[in-house]
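Thanks, everyone. I'll take this one in four stops: the pocket, the barrel, the salt bridges, and two backbone oddities. Have the viewer open.

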Amino acid sequence: MHIYNSWEGLKSKYDNIVVGLGNFDGVHIGHQKLIHELVVLAKKVQGTPVVFTFHPHPLAVLKPESCPPHLLSQECKQDIFTRLGVEVLLTIPFNLKLAGLSPEDFVRKVLCEEIGVRGVVVGYNYTFGHKAQGTPKLLNDLSKTYGYALRVIHPVTVDGQTVSSTAIRNLIKIGDVSGAAKLLGYYPFMSGEVVSGEKRGRKLGFPTANLEIDTEILVPANGVYAAKIDHRDDTYLGLVNIGVKPTFLGKKRNIEVHLLDFCQDLYGEQIKVNFTRRIREEKKFASPTELIEQIEADVHAARVEWLKTGE
């Protein structure tokens with residue numbers, strides 16, 4: 001996949017461009033349906049499937065206090081786009097000049113004159129242009145003037161719930177990672193480098209890998225989780241504690257990962273933590289001995305979770 005930060009000259013590089021518009025935070029199953037339609041339409045016109053998105057998120061510029069934490073890093077989002085068949089990613093720096101562009105000018109100047117789109121694919125609730133006044137209805141009206149094909153993706157629901165990035169964030173905030181996975185189409189995950197910690201887990205008999213927290217990415221609620229840990233080309237069953245370690249009067253929030261049946265040194269290594277289910281809330285124990293007993297029970301629960309999933 002080719003990545004550009006400007007649309008300048010794009011129509012001279014690619015034929016019959018079909019653009020999918022959106023923020024795509026999480027690239028959940030609704031987004032995946034949109035991208036599938038994007039790729040299908042591009043093949044139909046023998047063209048190029050392009051995702052057009054802004055970075056940073058427009059709210060980060062217009063209303064920073066209202067901008068939600070991300071579900072995915074840019075790098076992880078790009079990896080998923082590639083797997084879904086996107087050939088070009090336009091990640092345009094958002095600024096106040098763009099914010100002032102009318103919806104009509106965005107379609108005429110950017111999509112048609114600059115990019116030369118043959119097709120446009122959006123979600124049912126997509127908005128764009130000055131004060132978010134542009135809608136799928138306007139895109140449909142303008143398609144008759146500018147001659148592009150339009151596909152509008154209807155809401156996707158799971159168990160009666162409409163799939164959205166907001167709904168997924170709300171589930172992750174309360175620790176319902178298994179519920180979030182149904183809407184995402186994959187387990188919520190965090191990737192990062194293993195950093196040095198207090199080594200308290202090793203003293204308790206359960207060595208942990210401490211994951212550096214990305215402050216821009218949403219972290220699940222404090223608690224203990226069963227997880228699958230990807231390291232290099234292998235996957236391990238893991239137990240993850242998110243919290244402040246109240247038994248030891250901690251204050252800083254940490255992500256501590258214990259890999260079962262694993263004894264290598266992970267410092268400086270990259271790992272991916274896939275959260276499968278929340279086992280329990282974080283709690284303070286009366287003694288280290290009581291904590292060890294609970295961790296043993298948590299490990300058993302994680303192994304049971306692994307057997308249940310059949311993976």
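Start with the largest pocket: it holds about 1200 Å³ of space. Keep in mind that this is a predicted model. The lining of that pocket takes in 44 residues. Which of them lie nearest its centre? They are N23, H57, N125, Y126 and T127.

Now the elements. Those that give two or more residues to the lining of the largest pocket are helix 2, strand 3 (48–54), helix 3 (58–62), helix 5 (96–99) and helix 8 (165–173). By chemistry, the lining residues split into 23 nonpolar, 17 polar and four charged.

Next stop, the barrel. Six strands make a closed barrel, in the order 9-10-13-12-11-14. The pairing is antiparallel. From one strand to the next, the twist averages 45 degrees. As background, strands of a sheet pair through backbone hydrogen bonds, either parallel or antiparallel.

Zoom in on one pair. Strand 12, residues 234–243, runs antiparallel to strand 13, residues 254–259. Six bridges join these two strands. One contact to click on: G243 has N254 in strand 13 as its bridge partner.

On to charges. In general, side chains of opposite charge can pair when their charged atoms come close. How many salt bridges does the model have? The count is nine. I'll show a few.

First up, E37 and R151. Their side chains form a salt bridge, 3.5 Å from N to O. E37 sits in helix 2 and R151 in strand 6 (residues 149–153), so this pair ties together parts that are 114 residues apart in sequence. Are these two buried or exposed? In between, in fact. E37 is partly exposed, at 24% relative accessibility. R151 is partly exposed too, at 27%.

Next, a local pair. D141 and K137 form a salt bridge, with their closest N and O atoms 3.2 Å apart. Both residues are in helix 7 (residues 136–146). They are four residues apart, which means a separation of about one helical turn. D141 is partly exposed, with a relative accessible area of 35%. K137 counts as exposed, at 59%.

Then D159 and K182. Their salt bridge has an N to O distance of 3.8 Å. D159 is in the loop between strand 7 and strand 8, and K182 is in helix 9 (residues 177–184), so the pair ties together parts 23 residues apart in sequence.

There is a network as well. Salt bridges link D105, R108 and E113.

Last stop, the backbone. Stay on D159 for a moment. Its phi is positive, about 55 degrees, although D159 is not a glycine. The loop around D159 runs between strand 7 (157–158) and strand 8 (161–162). Why do we call D159 exposed? Because its relative accessible area is 70%, and the cut-off for exposed is over 50%.

The second case is F24. Here phi is near 60 degrees, again positive in a residue other than glycine. F24 is in the loop between strand 2 (17–21) and helix 2 (29–44). Is F24 buried or exposed? F24 counts as buried, because its relative accessibility is 1%, and buried means under 20%.

So, two positive phi values to check on screen: exposed D159 and buried F24. That's my set. Questions, please.

Methods: Residues are numbered from 1 along each chain as its sequence is written. This is a predicted model: local features need pLDDT of at least 70, side-chain atom pairs count only at pLDDT 80 or more; totals for chains, interfaces and linings use all residues. Side-chain values use heavy atoms; hydrogens and water are left out. Buried means under 20% relative accessible area, exposed over 50%, partly exposed in between (1.4 Å probe, protein chains only). A salt bridge is a side-chain nitrogen of Lys or Arg within 4 Å of a carboxyl oxygen of Asp or Glu. On a 1 Å grid over the protein atoms alone, a cavity is a set of points where a 1.4 Å probe fits but cannot get out, and a pocket is an open set with protein on both sides within 12 Å along at least five of seven lines; lining residues have an atom within 4 Å of a point. Grid points are joined across faces, edges and corners, and a volume is the space filled by probe spheres set on the points. Ala, Val, Leu, Ile, Met, Phe, Trp, Tyr, Cys and Pro count as nonpolar, Asp, Glu, Lys and Arg as charged, and the others, Gly among them, as polar. Two strands pair if DSSP finds at least two bridges between them. Axes are lines fitted to C-alpha atoms, for helices over the stretch in contact, and angles run from 0 to 180 degrees between N-to-C directions.
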